[in-house]
Amino acid sequence: MKSSPIRGALLALLLLCGGQSSAATPAAAHPEPHACHLPGVEESLRCLKLPVPLQPGQPATLSLHVTIAPALREGAQPDPVFVLAGGPGEAGSDVLPLLATAFKRVRATRDIVFIDQRGTGLSGRLECKSGLEEDVQLSDDEVDAELRRCIKSSKAPFAAYTTTNAARDIEAVRRALGYGKINLWGGSYGTRLGQVYARAYPASVRALILDGVAAPEQVIPAGGRDSQAALDRLFEQCAKDAACRAAYPTLRADFAALVGKLDATPLKLNLPDPRTARQVDVTMTSARLLDTVRNMLYAPADARRLPFLVHSAFAGRWQPFVARRNLAADFAPDASPATLMHLAVVCAEDVPRLTPALAAQDASPLTKELTVRMRGLCQAMNVPAVPYVAPTRIEAPALLLSGALDPVTPPHRAASAARHMAHAQQLVVANVGHGVSQLGCAPRLLRAFLDQPGKPVDGSCLNEIPAPTFQLGSAGPQP
């Protein structure tokens, strides 16, 4: 559910076993996996291009990319882990580095299967090719105009890129690779997809691990209260930290004044581009300030740089803030969520449920501009609304992971999702934001849960993950 570079203006290996995955026998009618090398992983993987129907019952197909990381040990367990990335718009091939972190213990005994969801990554990525990667010289209106031109020029059938169709694709992959029951790991939006799949194909699911859990009723653009709560918590933590309080005694008031000033009049800046050192003109608006703040709240280590950035900007030194704002465009933009695929899902499944009452209830400066602009872009997308279906009960055991500092899927979202699960256990980690699985002892806990899904998981070791320190000056965070 994190912003891509373009949406930032609007708005997160293997030892081969012969020729096949060690725990699967692909059906003869389907293409067989082949050796492949993908960015982010040094060793060879197994890849598959699988044709799947664009829409059920129609002859048109699209090519789905699947990456298989065979289990490291011989005699692996027959039930693999299918990895469902976030966004919507992030691809499985974007998160392959999780093999060395979150799945480093799980992979010893289970195949790990990464699916590039339709419209992402190597599965026909739906993205704008305009070269508009957070050009700081463009106004917000110009950014929206570029996006509308991109939408209009696209020939993609946006209505085909739904979560339900993506769940059908998962089942097609399971069958093509010859697996029986599978385990699901989903992160952020991937937790929504995982729940949809588990409800549609209950006989195919052995267990679920959901990290940063989206509740079934959650509307993606309606995250104002959750984001505001995370920001307020950050202000409170700074006030309780002696060094942060001494460095930034009026932090909350300075932030409010900064937003108010930009609300009244956007700021014209001329400063060295953090990427090229050339002097450039930059327009800073309150929407751009708040979008950057909201994105920084996803990771506590990043969030604890905010007091320094706000203080510097309030004092007129905008270079550090602009450098942080440009970060998404500086590194690996090709791995960012696919913008048009994101809009295809959100405009069909979420924005139709964003009623005036919900928008008023959820109102926050952090998401106000995003909500308004999302509605305009959805008009350009012109996708039919997907009716909301009340969630049925999920019987498979589920482990729900929540960061207490998460600004988009905080613990109460997982608790809401758990009400529709027969065997769910939730672990809440105090000093973590959006994403738990790769941190501290979590990789060990993932393996323990998958080995015995019916057994309670002792997550006390997650409390040993320390809180990051605040940045008090240009040199970086405190030691």
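**Figure 1. Five disulfides turn up in a search of the whole predicted model**. The structure shown here is a predicted model, and the views that follow visit some of its disulfides in turn. How are the bonded cysteines of the protein paired when they are numbered in sequence order? The pairing reads 1-2, 3-4, 5-6, 7-8, 9-10. Keep this pattern in mind as you look at the close-ups.

**Figure 2. Cys36 and Cys47 are joined by a disulfide**. Start with the two sulfur atoms: the S to S distance is 1.9 Å. Now look along the bond between them. The link of Cys36 and Cys47 is right-handed, with 75° about the S-S bond. Which parts of the chain does this pair tie together? Cys36 belongs to strand S1 (residues 34–36) and Cys47 to strand S2 (residues 45–53), so the disulfide connects parts that are eleven residues apart in sequence. Are these cysteines buried or exposed? Cys36 has 10% relative accessibility and counts as buried. Cys47 is buried as well, at 2% relative accessibility. The cut-off for buried is under 20% relative accessible area, which is why both of these values qualify.

**Figure 3. A disulfide links Cys128 with Cys150**. Here the S to S distance is 2.2 Å. The torsion about the S-S bond of this pair is about -105°, so the disulfide is left-handed. Where do the two cysteines sit? Cys128 is found in the loop between strand S5 (112–115) and helix H2 (140–153), while Cys150 is in helix H2 itself, so the pair ties together parts that are 22 residues apart in sequence. Follow the chain from the loop into the helix to see both ends of this link. Cys128 counts as buried, at 6% relative accessibility. Its partner Cys150 has 11% relative accessibility and also counts as buried.

**Figure 4. Cys238 and Cys244 form a disulfide**. Their sulfur atoms are 2.0 Å apart. Is this link right-handed or left-handed? With -95° about the S-S bond, the link of Cys238 and Cys244 is left-handed. Next, check how much of each residue can be reached. Cys238 has a relative accessible area of 2% and is buried. Cys244 is buried too, with a relative accessible area of 0%.

Note on methods:
Residues numbered from 1 in each chain as written. Predicted model: local features only at pLDDT ≥ 70, side-chain atom pairs only at ≥ 80, totals over all residues. Heavy atoms only, no water. Disulfide = S-S within 2.5 Å. Helix = DSSP H or I, 4+ residues; strand = E, 2+ residues; numbered from the N terminus. Buried < 20%, exposed > 50% of the residue type's maximum accessible area, 1.4 Å probe, protein only.
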